[in-house]
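Here are a few friendly notes to read alongside the model. Have a look at the ligand site and the helix packing as you go.

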Amino acid sequence: MPSPLRVIYTGGTLGMESGPQGLAPGRDFEARLRRALETLPPARRASLPDFVFEATPEPIDSSAATPADWQALGRRLAECHDQAGGLVVLHGTDTLAWTASSLAYQLQGIARPVVVSGAMQPLEAPGSDALGNVEAALRFAARAELQEVAIAFAGKLLRGVRSRKWHTRDAEAFISPNYPLLGELVEGEPVFYPGRGLDEQQRGAPRFELADYRALGDAPVVRLTLWPGIQARQVAAWLEAPGVKGALLEVWGGGNVPSDPALLEVLAEASGRGQLLVAISQCPFGAIEIGSYAAGQGLVDAGVLSGDDMTPEAALTKLVHLLAQPLDEAQRRERFRSPLVGER
Ligand code: ASP
């Protein structure tokens, strides 16, 4: 008998009900979910894996999530890892890709499926995507060949740390811009595409890295998107704010920035203070290669690391994760450059 899955419900639209101020996390989600699963056709219902359900103490709208929530969830999943056949996290879609990315770093080397899902519509809404997404998440999470953090959404399975929310309304709300799908439901059954899951070296025995994100303070990392006309003093205001230890810079195209010496000086000073600065492109698809244009050379000189083809979610959560580790600067830079969980 395979061990039952563990489902952890954290909030989000899928469990929401209408209240006086609009949709808000509803009550008794387990009972509502089990009732909804009973409505599936008998053959599908019978083939669903068993699961043990739990909810976080205060289910939330995921727009309120912080690194402290990622940390609490990472620890809970690590605790459940040995007893559960697979792990499912039900989460709001707004910051689902951030949580999935953070979990991938915290649960490095996981030997179980961790499938994160949510829905664009509440469970009881007519035509809701919620039941289908939960069913898909359960089916994928029961498959031992999946050994990483993935997102099941609209019948597709995406690598968590490669995913982004890409639509405000469509049921197909998530994309994985720079990595192919890990799998799909075909005629209701999970299909995995060969060679796309994390390879053997990255699996291995569990070697979770459950760092203490709370100890970093409340503003360890900033995210700064360049715009034409951006001023050095504006960048300085972000980087010189108290408590900032790292920054994600979203630069142009293949890795370019304005050739403003004052702006490059601000970046170089931040690097000199020991802040970890990394750059990715504002373009959602493709990688950067800083230094291939003269307009990007200043980033190299300022000690900014290339984030290659990482998503903002993957790059920022990796910064938080590395900054919370007891590593020296050279080790942090080295680990940022290395793919830890297939994020780049
Ligand atoms: N605001 C909701 C949340 O992220 C949106 C959703 O779940 O779709 O919790």
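1. In which hand, left or right, does helix 3 pass helix 4? The crossing is right-handed, meaning that the near helix is turned clockwise from the far one by less than a right angle (anticlockwise would be left-handed). Helices here are DSSP runs of H or I with at least four residues, numbered from the N terminus.

2. A word on the source: this is a predicted model, in which local features need pLDDT of at least 70 and side-chain atom pairs count only at pLDDT 80 or more, while totals for chains, interfaces and linings use all residues. Residues are numbered from 1 along each chain as its sequence is written, and side-chain values use heavy atoms, with hydrogens and water left out.

3. Helix 3 (residues 67-80) and helix 4 (residues 96-106) have axes that come within 10 Å and cross at roughly 50°. That makes helix 3 oblique to helix 4. Axes are lines fitted to C-alpha atoms over the stretch in contact, with angles from 0 to 180 degrees between N-to-C directions; oblique is what remains outside under 35 (roughly parallel), over 145 (roughly antiparallel) and 65 to 115 degrees (roughly perpendicular).

4. Helix 4 also meets helix 10 (residues 312-323): their axes come within 9 Å and cross at roughly 45°. Helix 4 is therefore oblique to helix 10, and passes helix 10 in a right-handed crossing.

5. Now the ligand. Its surroundings are G12, T13, D61, S62, G92, T93, D94 and A119, counted by a heavy atom within 4 Å. Ligand oxygen atoms lie 2.6 Å from a side-chain N or O atom of S62 and 2.4 Å from one of T93.

Methods:
A polar contact is a pair of N or O atoms within 3.5 Å; within protein, one must be able to donate a hydrogen and the other to accept it, and residues adjacent in sequence count only if both atoms are side-chain atoms. Helices (H or I, at least four residues) and strands (E, at least two) are DSSP runs, numbered from the N terminus.
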